[in-house]
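Let's take a walk through a protein together, one piece at a time. Keep the picture open and look for each part as it comes up.

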Amino acid sequence: QELTVADADDYLTTKRLMGILPETYNHYYGALRFMYKRVLKLNWDEDEIPRMKRDRSLPTVLSREEVNAILDVTTNLKYKAIFAVMYSGGLRVSEATHLHYDDISRTNMQIHVRDAKNRMDRYTILSKRCLDILTQYWFAKGRPRGILFPNKFTGNYLTVSTLEQVMRRAVSDAELSVKATPHSLRHSFAT
């Protein structure tokens with residue numbers, strides 16, 4: 001009952017001066033905030049005791065040559081097509097793995113992205129090279145009509161971890177000095 005918000009501020013300031021990471025600091029912050037507001041029913045002023053901001057580094061952006069190198073060393077046509085789609089249209093990993101045959105519009109050179117972030121549909125561009133890779137993949141895989149990139153074991157959607165693993169191998173095989181993930185293709189598209 002003798003606790004005040006100043007006590008919580010002193011405790012958090014001590015932790016911050018000890019050099020803890022912002023994520024750890026914010027865990028302490030959340031626990032104290034919960035205790036003060038919900039358990040002790042004390043006033044908690046967000047302006048008086050702010051959260052700690054996380055350090056954010058700039059995302060990895062690949063050059064055209066690096067993207068081409070990744071596509072060139074990716075021998076599995078399915079993954080090559082997925083990477084091409086992600087780079088061509090700036091798709092997130094989950095958006096690329098959830099594509100269906102009907103989402104590719106050859107006539108409009110567009111990709112229909114369904115249920116993207118915030119449950120919004122959108123259209124994005126489809127490059128000629130990507131369409132060529134997709135066409136080659138589509139014919140090689142027996143012209144699939146449902147899920148465009150199914151898991152070969154289950155027939156369901158591919159997992160994000162599978163693409164991350166393939167991307168790590170491709171970056172290594174291409175002997176690139178950058179640390180790239182599948183999401184780097186989206187950043188590279190935007191840049």
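A good place to begin is a pair of residues facing each other across two strands: I104 has I111, in β2, as its bridge partner. Keep in mind as you look that this is a predicted model. The two strands involved, β1 and β2 (residues 110–113), pair in the antiparallel sense over 2 bridges. They belong to an open sheet of 3 strands, ordered β1-β2-β3, in which the pairing is antiparallel. β1 (104–105) and β3 (122–125) stand at the edges with a single partner strand each, so one side of each has no neighbour in the sheet.

Now turn to the helices, starting with α1. How far apart should the ends of this helix be? At 1.5 Å a residue, the 13 residues of α1 should span 18 Å, and the end C-alpha atoms are indeed 18 Å apart, which agrees. Four residues of α1 are buried: V5, A8, L12 and K15. Around the axis they cover an arc of only 85°, which puts them on the same side of α1. A simple rule helps here: an α-helix has 3.6 residues a turn, so residues three or four places apart point the same way. Part of what covers the buried residues of α1 is α2. Just after α1 comes G19, with a positive phi of about 90°.

The next helix, α2, can be checked with the same ruler. Its 18 residues (22–39) should span 26 Å at 1.5 Å a residue, and the end C-alpha atoms lie 25 Å apart, which agrees. Which residues of α2 are buried? They are P22, Y25, N26, Y29, L32 and Y36. Looking down the axis of α2, you find these buried residues within an arc of 130°, so they line one face of the helix. The face turned away from that buried side carries the exposed residues H27, F34, R38 and V39. Among the parts covering the buried residues of α2 is α1 (5–17).

How do these two helices sit against each other? Two packed helices are described by the angle between their axes and the distance between the axes. For α1 and α2, the angle is about 170° and the axes are 10 Å apart. An angle over 145 degrees counts as roughly antiparallel, and α1 and α2 are therefore roughly antiparallel to each other. On the α1 side, the contact is made by V5, D7, A8, Y11, L12, K15 and R16, and on the α2 side by Y25, Y28, Y29, L32 and Y36.

Just past α2, pause at K41, which sits in the loop between α2 and α3. Most residues other than glycine have a negative phi, and most peptide bonds are trans. K41 is not a glycine, yet its phi is positive, near 55°. With 63% relative accessibility, K41 counts as exposed. A second case is E175, also not a glycine, with a positive phi of about 55°. E175 is found in the loop between α7 and α8, and at 71% relative accessibility it counts as exposed. That loop, between α7 (160–173) and α8 (182–190), also holds T181, which counts as partly exposed at 37% relative accessibility.

That brings us to α8 itself. Here P182, S184, L185 and S188 are buried. Seen down the axis of α8, the buried residues fall within an arc of 145°, so they line one face of the helix. They pack against α3 (64–73), α4, α5 and α7.

One of these partners, α4 (residues 77–89), has an axis that comes within 7 Å of the axis of α8, and the two cross at roughly 30°. α4 and α8 are therefore roughly parallel to each other. In α4, the residues F83, M86, Y87, S88 and G89 meet P182, H183, L185, R186, S188 and F189 in α8.

Our last stop is E95, in helix α5 (residues 93–97). Is E95 buried or exposed? Its relative accessible area is 6%, so E95 is buried. Setting aside neighbours within four places in sequence, E95 is in contact with V113, A116, K117, R122 and R186.

Key
Residues are numbered from 1 along each chain as its sequence is written. This is a predicted model: local features need pLDDT of at least 70, side-chain atom pairs count only at pLDDT 80 or more; totals for chains, interfaces and linings use all residues. Side-chain values use heavy atoms; hydrogens and water are left out. The expected span of a helix is 1.5 Å times one less than its number of residues. Buried means under 20% relative accessible area, exposed over 50%, partly exposed in between (1.4 Å probe, protein chains only). The arc is that of the directions from the helix axis to the C-beta atoms. Contact means heavy atoms within 4.5 Å. Two strands pair if DSSP finds at least two bridges between them. Axes are lines fitted to C-alpha atoms, for helices over the stretch in contact, and angles run from 0 to 180 degrees between N-to-C directions. Angles under 35 degrees count as roughly parallel, over 145 as roughly antiparallel, 65 to 115 as roughly perpendicular and the rest as oblique.
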